[in-house]
Amino acid sequence: SLSRLNEIACNSGLSQRQQKRLESLDEQVEKMLKRTGLTLNHLNGDPRGYAVYINLPDGYSNSFGGREHGYGIG
């Protein structure tokens, strides 16, 4: 859902309802990560990349940004 909303935002902009949905999804991601003990690196609004980047305990990364960029989740 985050990826799709990022794509819409890039192509035509979000409606007020879509913006609220995006904010709600952002909050849900943060709550889920808290429960698992993982930390959020950042949320990416660019539809060409992963929507969510997290910090893994071992520092593993799957992005061109390296360790400091985190592990990307579609």
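**Pocket lining, nonpolar core and Lys31**

Q: By class, how many residues in the lining of the largest pocket are nonpolar, polar and charged?
A: In this predicted model, local features need pLDDT of at least 70 and side-chain atom pairs pLDDT 80 or more, while totals for chains, interfaces and linings use all residues. Residues are numbered from 1 along each chain as its sequence is written, and side-chain values use heavy atoms, leaving out hydrogens and water. The largest pocket (an open set of 1 Å grid points where a 1.4 Å probe fits, with protein on both sides within 12 Å along at least five of seven lines) has lining residues with an atom within 4 Å of a point, including Gln28, Met32 and Gly74. With Ala, Val, Leu, Ile, Met, Phe, Trp, Tyr, Cys and Pro as nonpolar, Asp, Glu, Lys and Arg as charged and the others as polar, the lining has seven nonpolar, two polar and no charged residues.

Q: Which element gives the most to the largest nonpolar core?
A: This core has 10 residues, among them Leu2, Val29, Leu33 and Ile54, and is a set of buried (under 20% relative accessible area, 1.4 Å probe, protein chains only) Ala, Val, Leu, Ile, Met, Phe, Trp, Tyr and Cys residues joined through side-chain atoms within 4.5 Å. At least two residues each come from α1 (2-11), α2 and β2 (52-55), helices being DSSP H or I runs of at least four residues and strands E runs of at least two. With four residues, the element giving the most is α2.

Q: Is Lys31 buried or exposed?
A: Lys31 is found in helix α2, residues 16-36. Because its relative accessibility is 54%, against a cut-off of over 50%, Lys31 counts as exposed.
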